[in-house]
Amino acid sequence: MAARTTAPAAGGSVDGAHVTPPAPGASQAGGGHEIARVRVPTRSARGELRAIKVVWKRELIRFSRDRLRILTSLMQPFLFLFVLGTGLSRLASAGTHGVNLRTFVYPGVLCMAVMFTAMFSAASLVWDREFGFLREMMVAPVRRSSLVLGKCFGGATVAGFQGVIVLCLAGLVGVPYALGLMAAIFALQLLLAFAITAFGVMVAARITQMQSFMALMQMAIMPMFFLSGALFPVSGLPQWLAILNRLDPLTYAVDPMRRAVFAHLHISAAARRALDPGVTWFGWHVPSLVEAAVVGVLGLAMLAIAIVQFSRAE
Amino acid sequence: MSELAITTPPTATPASSAAAPGACAVAVSVKGLAKRYGEVEAVRGIDFEVRGGEIFGFLGPNGAGKSTTINMLCTLVRPTDGSALVAGHDVVSERDDVRRNIGLVFQDTTLDGYLSAEQNLRLHAELYGVPRELVGERMRQVMEMVGLWERRASLVNTFSGGMKRRLEIARGLLHSPRVLFLDEPTVGLDPQTRSSIWRYIRELKAREDITIFLTTHYMDEAEYCDRIAIMDQGRIIVLDTPEALKAKVGKDRVQIETDDDQAAIAALRKRFGIDATVAEGMVTFGVLEGEHFVPRLFDEWDPAHPPIRSVSVARPSLDDVFMSYTGTTIRDAESTSTDRMRNVARMMAR
């Protein structure tokens, strides 16, 4: 019976470390003593925080293992910035009032890089389901909301990291490395990363097959990118395009970022009017903070939907 | 045994040692549990109890409702009727209490292949809130038990099927559950790995204060259980120790091979008063003291009857137990229940 020495580690050490022992067992043993009927505080805030943190950390570990993914997701921004940006600037030089086209599309391209990385992070949830790992998380004695939060924070961090790499390229396309500007862009892209991950997680709650998920995300993301004004100024558009542009959530991430960039450029008033008109709602110039709030609120709404969907799932 | 099992965990309050005996007496208690998926009744109102510290086996063909039952006990599937207490907690109203007191090993792997073995276990410890100061030691303990401590830094993707299963068992034990559920722990593994998994399970029972609840459709594995419940078509047909079940059958199993099975069955009934059936392609029947019956069989076998090509006599096995209660062997039941199982799978996929 020396083998029993391992027993101390067994038998409710999880409960024991916190506060109380498993209660109903105690009540059985006590033959109905009411005192023994202490409820185990099943969920502690600390436990939930640990869960959020570990799900977040898992995203980072997996991302850091996947160097290829870091490289491939940088491919697209490079193409847009340096190939498309350089090539088209010869055509567009008349319309840009001397501003480099690459500088103009930079905020939009950065948003795109962030979006794709965030989308792939959310996609891993679909893999998790296919490879069974989701089940391990779903049966854990923690709130589903903690799991969803951890996942969204993880996706946002990873996508934010990708954004930082693009942020480092700012100097190459004529965007100054001003501290305030960098901080503003960083905050905005982090917000976007979070919102897109929440969107992806919300979709992943329903779509259980990788192919359908990817097709659906592509279908959502490409129009969002093109309609957002990432590649063109948002004033003087035909009405149909103007309406679609204002309905596109990405508009409200690209626009404040562009405003921040242009605030740090020394250019003519005409160029500023033409290239950085700002988003208007029925003639009202929407302030940057309101735009950021639109992205944030949408992100939170999708997060809430994702949480509800995962909490319902058996 | 039960006294030793109460050893107070150093981290627990004194009250928990008082709780242990009460909790140990009955690990799982099920009353009228049922689950229906649309038209399909996967589990049709079952009652049973699992005692603390035993290895309890659920035996039955695929599609008998074993996995659905285990999923209900693990709080993964909501019962449509009845109730179940696991480690003293109700599986519906006290879901989290149940979850923190059970360990799970599923049929399919639920490991993250892109993490190392150690990272998988650490993640589990965090999700289950295992106290940080205990994680390292406990992790070493469970990994050494399944012989994977040396491989802790390897990515799980590089592991074989058997190693993954062992790691999952280790992970299931990490948070010191009171009940460990193993759903078909050896399915899809080669015989050697199967027996090593069983060695770990038995070792586990000796070392840890734990109740093991498992499902299997391998008859030979059910012999390792302290008690087994035979399940077929959503019902528990019989529940007892393997020995008692075999004793109830009593008869040896005789199988004969002939050219004309139906004629042979008729002959057996007429001459010996034996009811035989065809199972696994052979004329099969049970008799007391089969080895003495065989000479008599040949003495009295009429040359007009179809000649006997071969005879085999076997001591009662759980297969015979299954057969005596269901009228079919488990292998034959598997094939007929496949359609049923497909239906259930389709319902679950929704």
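Colleague: How are helix 8 of chain A and helix 11 of chain A oriented to each other, roughly parallel or roughly antiparallel?

Modeller: In this predicted model, the axes of helix 8 (residues 179-206) of chain A and helix 11 (residues 251-263) of chain A come within 9 Å and cross at roughly 175 degrees. Angles over 145 degrees count as roughly antiparallel, so helix 8 of chain A is, with respect to helix 11 of chain A, roughly antiparallel.

Colleague: How many nonpolar residues are there in the contact of helix 8 of chain A with helix 11 of chain A?

Modeller: From helix 8 of chain A come residues including Leu181(A), Ile185(A) and Leu192(A), and they meet a group in helix 11 of chain A that includes Ala253(A), Pro256(A) and Met257(A). No polar and no charged residues take part in this contact, and the nonpolar ones number 10.

Colleague: Turning to chain B, how many residues of helix 2 of chain B are buried?

Modeller: Helix 2 of chain B covers residues 66-73, and its buried residues include Lys66(B), Asn71(B) and Leu73(B). The helix is largely enclosed by the rest of the structure, because the buried residues amount to 8 of the 8.

Colleague: Is Arg171(B) buried or exposed?

Modeller: Arg171(B) belongs to helix 6 (residues 161-173) of chain B, and, leaving aside neighbours within four places in sequence, Arg171(B) is in contact with Asn120(B), Leu121(B) and His124(B). A residue needs 20 or more other C-beta atoms within 10 Å to qualify as buried, and Arg171(B) has 26 C-beta neighbours inside that distance, so Arg171(B) counts as buried.

Technical notes. Residues numbered from 1 in each chain as written. Chains lettered and ligands numbered in written order. Predicted model: local features only at pLDDT ≥ 70, side-chain atom pairs only at ≥ 80, totals over all residues. Helix = DSSP H or I, 4+ residues; strand = E, 2+ residues; numbered from the N terminus. Buried ≥ 20, exposed ≤ 12 C-beta atoms within 10 Å, placed from the backbone. Contact = placed C-beta atoms within 7 Å. Axes fitted to C-alpha atoms, helices over the stretch in contact; angles between N-to-C directions. Parallel < 35°, antiparallel > 145°, perpendicular 65-115°, else oblique. Nonpolar A, V, L, I, M, F, W, Y, C, P; charged D, E, K, R; others polar.
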